[in-house]
Amino acid sequence: MTKCPDSVVSCVDMNGDELAEGVLRYAFRQLLGNNGYVHVVDVPESFDHVAFLRELGTFQPTPTGTVVGDVKPEWGMDDVNHGQNRGGLQPHTEGYEFRGTPPRYLALWCVRPAEGRGGETTMLDGDRVLAEFDESERQHFLETVYQWKSTEGLARRGVVPTAEHPVLEERDGELIFRYSTSYLEIPEGDELARRLIDRGGALYEENHIAIRYKKRDLVVWDNWRMLHSRNAFEDPQRHLKRVQIAG
Ligand SMILES: [Fe+2]
C-alpha cells in the first residue's frame, strides 16, 4: 500500500496569497530535516527554482556533465535501465557508483507533467530499512567494502563508473546510506547484504510515497537518507529539470 505524501509545502497561504520567501524557506527546511524530503506545490510562474536551490549548497555536475540537467525520454533508450527513458526504475540512492561523496540533496522540478498513467517520483525513508538491522549488523555495513556497478543506460552513453565503498559511511557526524537494488555486488555468503536488498525492496514496495507532478512543482530530498525511484510512464513529452547539490 502506498503511504500518502505528508511533507508538502504550498507557496500560497489560505487566502491564496504568495508566502513570503522567508516563511517558505523556513517551512521547507523544517520538513526536509524532519521527513527527509519536501514536495513544494502551488508554485507561481515567477518562482526561480535555481535561485531557491542554490541556498541549499553547491550544485554538482551529473554523470553526463550537466549542472542543471533535463530529465526527458531519449530516443532508443527504453530497453535499458536508465533515467532518460520511460521505464520504471528500481530503488536506489544517487551516486553509489561513483568514488566520491554522493550528492547530499537531489532536486527535480516539473516543466511538463506526464499525461496519462505513471511518471511519479517515489521515495522511502532509508531509516526504515536500517531500523531492521541491529547495532552489530549496521557495523558490518560501515566496515565492509562492496563493489558497485552502474546502469546499462550510462554505459551506452560512455560512462562506465565502478566504485568500492561500504553501504554506510560516517561524514562529519552524519550517516551516508548507499543503496542499489541491482548494482550492489553481493558477495557469496554475505547474508546481511542479501537481507538489506531484499528487505529494502519489500519495505519500498509496501511503504513508498509517490509524488505526482503538477507544472512547476519542486521535489527535494536528502540523498544520504532517502531511497528513490520512478514509476514507468507513457507520455514522451514528460520533462523535469534536475540538480544535484553537495552537502
Ligand atoms: Fe536516481
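1. Cysteines. In this predicted model, C11 counts as buried because its relative accessibility is 4%. C110 is buried too, with a relative accessible area of 2%. The model has 0 disulfides. C11 takes part in none, the nearest cysteine sulfur being that of C110, 14 Å away. Seen from C110, the closest cysteine sulfur is the one in C11, and at 14 Å it is too far for a bond. A pair would have to lie within 2.5 Å to be counted as a disulfide.

2. Overall build. The protein contains 6 helices and 15 strands. Its radius of gyration is 18 Å, close to the 18 Å from the globule rule for 247 residues, so the protein is as compact as a globular protein of that length. The C-alpha trace spans about 60 × 40 × 35 Å along its principal axes. Of the 247 residues, 49% are buried. Among contacts between residues at least 6 apart in sequence, 80% join residues at least 24 apart.

3. The iron site. Which protein atoms are donors to the iron ion? They are NE2 of H92, OE of E94 and NE2 of H228, at 2.1 to 2.2 Å from the ion. Their spacing in sequence is H-x1-E-x133-H. The two histidines link distant parts of the chain, as H92 and H228 are 136 residues apart. H92 sits in the loop between β4 (69-71) and β5 (105-112), whereas H228 belongs to strand β14. Are these histidines buried or exposed? H92 is buried, with a relative accessible area of 13%, and H228 is buried at 7%. Both values fall under the 20% cut-off for a buried residue.

4. The three-stranded sheet. Strand β14, which carries the donor H228, is part of an open sheet of 3 strands. The strand order is β12-β6-β14, with antiparallel pairing. β12 (209-211) and β14 (226-230) are the edge strands; each has a single partner, so one side of each is without a neighbour in the sheet. On average, neighbouring strands here are turned by 25 degrees against each other, direction ignored.

5. Contacts of β6. Strand β6 covers residues 121-125 and pairs with β12 over 3 bridges, in the antiparallel sense. In this part of the sheet, M123 stands opposite I209 of β12. Helix α6, residues 191-207, lies across β6, β12 and β14. The helix runs at about 120 degrees to β6.

6. Strand β15 and its partners. β15 covers residues 239-245 and is mostly covered, with 6 of its 7 residues buried. Which strands are joined to β15? Among them is β3 (residues 59-60), joined to β15 by 2 bridges and running antiparallel to it. β4 is joined to β15 by 3 bridges, also antiparallel. β5 is joined to β15 by 7 bridges, and this pair too runs antiparallel.

7. Facing residues along β15. Q244 of β15 has Q60 opposite it, and L106 also stands opposite Q244. R242 of β15 has G69 opposite it. In general, side chains in a regular strand alternate between the two faces of the sheet.

8. Links between these parts. The loop that holds the iron donor H92 lies between β4 and β5. β4 pairs with β15, and β5 pairs with β15 as well. The donor H228, by contrast, is in β14, an edge strand of the three-stranded sheet.

Definitions and conventions
Residues are numbered from 1 along each chain as its sequence is written. This is a predicted model: local features need pLDDT of at least 70, side-chain atom pairs count only at pLDDT 80 or more; totals for chains, interfaces and linings use all residues. Side-chain values use heavy atoms; hydrogens and water are left out. Buried means under 20% relative accessible area, exposed over 50%, partly exposed in between (1.4 Å probe, protein chains only). Two strands pair if DSSP finds at least two bridges between them. Helices (H or I, at least four residues) and strands (E, at least two) are DSSP runs, numbered from the N terminus. Axes are lines fitted to C-alpha atoms, for helices over the stretch in contact, and angles run from 0 to 180 degrees between N-to-C directions. Contact means heavy atoms within 4.5 Å. Donors are N, O and S atoms within 2.8 Å of the metal (3.2 Å for Na, K and Ca); water is not among the atoms, so sites may look incomplete. The radius of gyration is taken over C-alpha atoms; the globule rule is 2.2 Å times the number of residues to the power 0.38.
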